[in-house]
Structures are given as C-alpha cells and as structure tokens.
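Me: I am new to this structure and would like to learn how to read it feature by feature. Could you begin with the general idea each time and then turn to the case at hand?

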Amino acid sequence: MRKATIERKTGETQISLTFAVDGEGQSNLTTGVPFMTHMLDLFTKHGHFNLTIDAKGDTEVDDHHTTEDLGICLGLALKEALADKKGIRRYGSAFVPMDETLAQVVVDLSNRPHLEFRAYMPSEKVGTFDTELVHEFLWKLALEARMNLHVIVHYGENTHHIIEAIFKALARALDEATTIDPRVKGVPSTKGML
C-alpha cells in the first residue's frame, strides 16, 4: 500500500497526518479549521484515498498557519507515498461542476513544483474561513509534493461552490495521476527519473 505518515511540530501548529494513495475514501479528520475539514473530507472521498489528520494550531489568531501546514504535510505525504513513482500515469485532469460553477484541475507529478491558480473568489470569507487560504494551501501542497498543479475556475458565483469544485477536481486529477498503469515500464519520463 502506498502510504506515508508525516509529523510536523512548530511554534504555531502540531500536525500528525497519514495519507494512503490506495484507499477507500475514508477520512478521520481533526483539523481545528472546520471548512478545511469539510474540503479534505470530500477530497478524500472523491480521490478514493484514505486520510487521517490530528491537527492543533493557533486558530485563535486565524486559520492561516494550520491551513498552510496542512498543505505542507499532505504534500510531503503524497511525495513519500509515491516514492520513485514507477508505473504511475503521472498526469491527471478533471472537470467538476458544482451547480453554477465549473472547475478544472490538471496535475503533473513531475518533481517540478508549480502552481497556476486562475480562480476568482467572489467573497473574502466562507463562514469564518478566509478564502485566500485556498491558494496558500494549494501552493504548499504543490511545492512539497513537487508537482505541477493548474487550477482553473471557468465560471462560478458562489464561493463555497467554487472552492468545493476545486477540491473535488483536485481529488479526481490526483487519483488519475497516481493510478498504476501496467503499460508504464519504470517511470513515465524519457529522462528515466522524475
């Protein structure tokens, strides 16, 4: 089973995260940031992953440090779980509609981190959650997983729907990219490594 556990302790957060690529869509999440709990729960379900998180952070300040460090830990866990990436498809893409919203996510597990984020958030907050933290989470995820991550929201009006569509599309794109393809011999690169 492709699986990894990451422990991260700083002066701002304390996180234990276990991620399994080959899962059943099961999550057990304590993040301290209710909106991120919701997003990571549906990410796990739609990607057919397993994810366990026990996180404590300085949410009395705001949700920034916890959300950022969740992205760091998930990215590190994804990279470790995939190891040498032999046999994977490498690329994945997904379009996900959510009522009036259409989001697209494209990934390349290339070992070259990049985030292209083309999404407008109509509202600065969803509940108590600062919507600018979606970019922060995704950038840290892409950086630590060392992947190209392109997020494009073609249209949408409801900020909750926009973010939810992004996370569902991310899950489906990563599910595709991490799938073992029996036709792939070694790693899917002419360089011989990723």
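Reply: Let us start with burial: a residue is called buried under 20% relative accessible area, exposed over 50%, and partly exposed in between, with a 1.4 Å probe and protein chains only. Helices (H or I, at least four residues) and strands (E, at least two) are DSSP runs, numbered from the N terminus. The model is predicted, so that local features need pLDDT of at least 70 and side-chain atom pairs count only at pLDDT 80 or more, while totals for chains, interfaces and linings use all residues. Residues are numbered from 1 along each chain as its sequence is written, and side-chain values use heavy atoms, with hydrogens and water left out.

Me: Which residues of α1 are buried?

Reply: They are F35, M36, M39, L40, L42, F43, T44 and G47. The expected span of a helix is 1.5 Å times one less than its number of residues; helix α1, with 14 residues (34-47), reaches 20 Å from its first C-alpha to its last, close to the 20 Å expected. Just after α1, H48 takes a positive phi of about 60 degrees.

Me: How are the strands of the open sheet ordered?

Reply: Strands of a sheet pair through backbone hydrogen bonds, either parallel or antiparallel, and two strands are said to pair here if DSSP finds at least two bridges between them. Four strands form the open sheet in the order β1-β2-β4-β3, with mixed pairing. Because β1 (3-9) and β3 (26-30) stand at the edges, each with a single partner strand, one side of each is left without a neighbour in the sheet. Strand β2 (residues 13-20) and β4 run antiparallel and are joined by eight bridges, and I15 has A55 in β4 as its bridge partner.

Me: Which strands does α1 touch as it packs on the sheet?

Reply: Contact means heavy atoms within 4.5 Å, and axes are lines fitted to C-alpha atoms, for helices over the stretch in contact, with angles from 0 to 180 degrees between N-to-C directions. Helix α1 touches β2, β3 and β4, and its direction makes about 165 degrees with that of β3. Helix α2 lies across β1, β2 and β4, running at about 35 degrees to β2.

Me: Which residues of β5 lie on its covered face, and which on its uncovered one?

Reply: In strand β5 (residues 91-98), G92, A94, V96 and M98 make up the covered face, whereas Y91, S93, F95 and P97 make up the uncovered one. Strand β5 pairs with β6 (residues 101-108) in the antiparallel sense over eight bridges, and in their hairpin, which has two residues between the strands, D99 takes a positive phi near 55 degrees.

Me: Is R90 buried or exposed?

Reply: R90, in the loop between α2 (64-82) and β5, counts as buried because its relative accessibility is 8%. Among the residues that R90 touches, not counting those up to four places away in sequence, are V107, D108, A177 and L194.

Me: How many residues does the largest nonpolar core have?

Reply: In soluble globular proteins, nonpolar side chains tend to be buried together. A nonpolar core is a set of buried Ala, Val, Leu, Ile, Met, Phe, Trp, Tyr and Cys residues joined through side-chain atoms within 4.5 Å. The largest one has 60 residues, and those with the most contacts inside it are F19, L40, F43, L138, M147, L149 and F167. Its largest share, eleven residues, comes from helix α4 (residues 159-178).
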